[in-house]
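Here is a friendly walk through one structure, from a pocket to a ligand and on to some rings and backbone angles. Have the viewer open as you read.

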Amino acid sequence: MKFFIDSGNLDEIKSANNFGIIDGATTNPSLIAKEGIKGKKNIFDHYKKICDIIEGDISAEVISTTTKGIIKEGHELSEIDDKIVVKVPMIEDGIKALDYFSKNKIKTNCTLIFSAAQALIAAKCGATYVSPFIGRLDDWEKDKNAGIKMIKDIKNIFTNYNYNTEILAASIRNPKHIIECAKVGVNVITTPLKSLLELTKHPLTDVGLKQFLDDYKKNNP
Ligand code: G3P
């Protein structure tokens, strides 16, 4: 399973990358806005800085919502760096743009996916990735398993038809989401650094390590 860092913050991206387990990155307009970056040139320069840190695919999202505008912006984004994957929202105009990008060998990530139906359409269009949002669906459905149920359905459908589109599980809120995605067999999870580091944590590890060190120190004061 590939681990992508879901962030627009260069320090967090560098910190995550230093663990040697990061295979790519995803951003979205909210994550970029959170960094206070204004203006197309500054935003594109920021994407380039992320590309210079991370080996692997870097998702950068369009702002346009018309097919013509998405295609224009997608070309501009893909010219930033070969690592750039054009992130396109799951809307009707986005579907037409995904089909165009697929035919023109531009990598895409269809985002804001909240159902297996949306993922199916994106795969039919030849999207490189689909981004089903687990945490947001859990919150919206008030069912803490709604998100992973969606992931299981998508995995089942993609396996049935041997789609090449990769499942990039997103809106990860905790290590449980990551492990449930691994059990389903998604291709990629994208997560903030916090949830990734929480994978390393267990109370018994802390207790055990303290005991080891205390016992050592008894003989080696
Ligand atoms: O960046 C896409 C997705 O990971 C956003 O997650 O936490 O805003 O629901 P979140």
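## The largest pocket

The largest pocket has a volume of about 310 Å³. It is lined by 22 residues, and those closest to its centre are Asp6, Asn28, Leu31, Arg136 and Pro192. Please keep in mind that this is a predicted model.

Which helix gives the most to the lining of the largest pocket? Helix H2, spanning residues 29-34, does so with three residues. Sorted by class, the lining of the largest pocket holds six nonpolar, nine polar and seven charged residues.

## Around the ligand

Asp6, Asn28, Lys87, Phe133, Arg136, Ala170, Ser171 and Arg173 are the residues around the ligand. Asp6, Asn28 and Arg136 are named both here and among the residues closest to the centre of the largest pocket.

The side chains of three of these residues place a polar atom at a short listed distance from a ligand oxygen, as the table shows.

| Side chain | Ligand atom | Distance |
|---|---|---|
| Arginine 136 | oxygen | 2.7 Å |
| Serine 171 | oxygen | 2.7 Å |
| Arginine 173 | oxygen | 2.9 Å |

Serine 171 deserves a second look. Its place is in the loop between strand S7 (166-169) and helix H9 (175-184). Is serine 171 buried or exposed? Serine 171 counts as buried because its relative accessibility is 9%, below the 20% cut-off. Its backbone also has a positive phi, near 55 degrees, in a residue other than glycine. Most residues other than glycine have a negative phi.

## Another positive phi

Leucine 112 is also a residue other than glycine with a positive phi, here near 60 degrees. Leucine 112 sits in strand S5, which covers residues 108-113. With a relative accessible area of 31%, leucine 112 is partly exposed, as that value falls between the cut-offs of 20% and 50%.

## A buried serine in a strand

Strand S3, made of residues 57-61, contains serine 59. Serine 59 has a relative accessible area of 0%, so this residue is buried. What joins the side chains of serine 59 and asparagine 109? The two side chains are linked by a polar contact of 3.0 Å.

## Aromatic pairs

Now to the rings. How many aromatic pairs does the count come to? The count is six.

One of them is formed by tyrosine 100 and phenylalanine 101, whose ring centres are 5.7 Å apart with 70 degrees between the planes, an edge-to-face arrangement. The two partners are not alike in accessibility: tyrosine 100 is partly exposed at 28% relative accessibility, whereas phenylalanine 101 is buried at 0%.

Why does the pair of tyrosine 161 and tyrosine 163 count as tilted? The ring centres of tyrosine 161 and tyrosine 163 lie 6.0 Å apart and the planes meet at 40 degrees; planes under 30 degrees apart would be stacked and those over 60 edge-to-face, so the pair is tilted. Here tyrosine 161 is exposed, with a relative accessible area of 55%, while tyrosine 163 is partly exposed, with 23%. Together with Phe158, Tyr161 and Tyr163 form one aromatic cluster.

Terms used:
Residues numbered from 1 in each chain as written. Predicted model: local features only at pLDDT ≥ 70, side-chain atom pairs only at ≥ 80, totals over all residues. Heavy atoms only, no water. 1 Å grid on protein atoms, 1.4 Å probe; cavity = no way out; pocket = protein on both sides within 12 Å on 5 of 7 lines; lining within 4 Å. Points joined across faces, edges and corners; volume = space filled by probe spheres on them. Helix = DSSP H or I, 4+ residues; strand = E, 2+ residues; numbered from the N terminus. Nonpolar A, V, L, I, M, F, W, Y, C, P; charged D, E, K, R; others polar. Phe/Tyr/Trp six-rings, centres within 6.5 Å; stacked < 30°, edge-to-face > 60°. Buried < 20%, exposed > 50% of the residue type's maximum accessible area, 1.4 Å probe, protein only. Near = heavy atom within 4 Å. Polar contact = N/O pair within 3.5 Å; in protein donor to acceptor, adjacent residues only side chain to side chain.
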